[in-house]
Amino acid sequence: MKKHNYSAGPCILPQSVLNMAAAAVLDFNNGGLSILEISHRSKDFVAVMENARQLALEHLQLNDKGYTALFLQGGASLQFLMTAYNLLDKKAAYLNTGTWSDKAIKEARRIGEVVEVASSKEANFNYIPKDYSIPSDADYFHCTSNNTIFGTQMKSFPEVAMPMICDMSSDIFSRQLDFSKFDMIYAGAQKNMGPAGTTLVVVKNEILGKIKRDIPAMLDYKVHIAKDSMFNTPSVYAVYVSMLTLEWLRDLGGIAAIEQQNNAKAELLYNEIDRNPLFEGFVAKPEDRSAMNATFNLTDDGMKDTFDSLWKEAGINGLNGHRSVGGYRASMYNALPLESVQVLVDVMKMTENKA
Ligand SMILES: *Cc1c(COP(=O)(O)O)cnc(C)c1O
């Protein structure tokens with residue numbers, strides 16, 4: 001039986017996507033070949049790549065606005081370095097809201113000066129800093145829209161004069177935003193878009209090519225753009241499954257429709273966390289709570305074994321919190337159905353009744 005999959009990443013994918021992805025491993029497009037054994041230069045795969053790139057731009061409403069979508073490798077972690085390599089001339093401004101922002105800052109410091117405009121590190125990242133100023137001479141401002149580990153999410157973004165770059169790995173395609181406010185968005189596929197192995201980069205073309213550094217080809221966005229995201233062999237299968245997921249999202253009504261579902265799931269779970277005296281949320285202010293990753297603790301450690309065995313018996317997977325936070329984390333990405341959240345809420349009520 002399929003589990004209720006709360007895994008933080010790689011994570012749940014839509015069942016219909018898994019079925020199509022499984023069939024394509026055996027026979028892709030009725031061509032007598034597996035998707036795993038065709039050339040990335042074949043007509044059929046070039047169409048997949050083009051479709052995936054186009055769908056990504058359409059979902060974000062960035063088609064025909066001077067942006068390019070790329071499917072690269074090396075994860076979001078390589079983007080920490082690549083963004084700085086391509087865009088950091090003298091100084092860049094970073095908002096530090098969690099482990100991933102922290103890592104992005106470390107990589108950028110290899111390239112140039114980094115100003116940390118604000119950080120919630122002293123509170124183990126349990127809130128989003130909001131009062132900060134960004135040096136006007138920064139080459140760009142970098143932020144992380146959703147902090148996967150700590151369960152906080154930026155609900156608004158600053159107005160900035162310089163390019164704004166956002167790591168949206170764990171909430172891309174989950175909610176409506178004015179994506180044209182961002183000059184670059186990147187996201188590892190494995191949180192909300194597909195399997196591990198590819199990273200979506202959406203970049204506004206005009207911000208590139210402004211610094212003089214000699215950029216190694218694989219790290220140069222312009223090289224990947226010139227080759228239509230096929231400078232070297234892309235991760236064919238990961239791009240294919242991402243494309244299927246983007247089609248699934250389109251067919252159910254796009255980001256506007258999934259956002260309503262995501263809000264309903266988050267409301268159901270957070271209401272129970274707030275109502276049930278056995279549980280407490282990790283995030284300090286409700287306004288900063290993530291609709292994707294809900295972090296919470298038991299108020300009575302003596303109930304840990306009861307709760308853990310009840311959720312495992314209910315077929316729930318992946319509820320343990322990240323080691324830097326402890327407790328529990330329920331990752332409610334796009335493909336997780338509301339029914340799975342109801343199962344968790346029922347288990348929380350059952351635990352309360354046994355206390
Ligand atoms: C998981 C994650 C990353 C790291 O992604 P990789 O693809 O493993 O490099 C970066 N940023 C955020 C917000 C994440 O959730």
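**Exercise 1. Work out what holds the ligand in this predicted model.**

Start with the backbone: an oxygen atom of the ligand sits 3.1 Å from a backbone N or O atom of Ala76. Next, go to the side chains. Thr148 places a side-chain N or O atom 2.4 Å from an oxygen atom of the ligand, while Asp167 has a polar side-chain atom 2.6 Å from a ligand nitrogen. Now for the area: on its own the ligand would expose 390 Å², and the protein buries 88% of that.

Then step back to the whole shell. It has 13 residues, and the closest are Ser77, Thr148, Asp167, Gln190 and Lys191. Sort them by class and you get three nonpolar, eight polar and two charged residues. Which element gives the most to this shell? That's helix 3 (residues 75-87), with four residues.

**Exercise 2. Place strand 5 among its partners, and say how its two faces are covered.**

Take one edge to begin with. Strand 3 (residues 91-96) pairs with strand 5 in the parallel sense, over two bridges. Here Tyr94 stands opposite His142 of strand 5.

Now the pairing with strand 8: strand 5 and strand 8 also run in the parallel sense, with four bridges between them. In this pairing, Thr144 stands opposite Asp167 of strand 8. You've met Asp167 already, as the residue with a polar side-chain atom 2.6 Å from a nitrogen atom of the ligand.

Finally, look at the faces of strand 5 (residues 141-144). Phe141 and Cys143 are buried on one side, and His142 and Thr144 are buried on the other, so both faces are covered.

**Exercise 3. Decide whether Arg175 is buried or exposed, then find what its side chain reaches.**

Locate the residue: Arg175 belongs to the loop between strand 8 (164-167) and strand 9 (184-188). Its relative accessible area is 10%. The cut-off for buried is under 20%, so Arg175 counts as buried despite its place in a loop.

What does the side chain reach, then? One target is the backbone oxygen of Met154, at 2.7 Å. Another is the side chain of Asp171, with which the Arg175 side chain makes a polar contact at 3.0 Å.

To finish, list the contacts beyond its neighbours within four places in sequence: Arg175 touches Ser145, Gln153, Met154, Lys155, Phe157, Ile255 and Glu259. Met154 thus turns up twice, in this list and as the owner of the backbone oxygen that the side chain reaches.

Terms used. Residues are numbered from 1 along each chain as its sequence is written. This is a predicted model: local features need pLDDT of at least 70, side-chain atom pairs count only at pLDDT 80 or more; totals for chains, interfaces and linings use all residues. Side-chain values use heavy atoms; hydrogens and water are left out. A residue is near a molecule or strand if one of its heavy atoms lies within 4 Å of it. A polar contact is a pair of N or O atoms within 3.5 Å; within protein, one must be able to donate a hydrogen and the other to accept it, and residues adjacent in sequence count only if both atoms are side-chain atoms. Accessible areas come from the Shrake-Rupley method with a 1.4 Å probe; for residues, only the protein chains shown count as cover. Ala, Val, Leu, Ile, Met, Phe, Trp, Tyr, Cys and Pro count as nonpolar, Asp, Glu, Lys and Arg as charged, and the others, Gly among them, as polar. Buried means under 20% relative accessible area, exposed over 50%, partly exposed in between (1.4 Å probe, protein chains only). Contact means heavy atoms within 4.5 Å. Two strands pair if DSSP finds at least two bridges between them.
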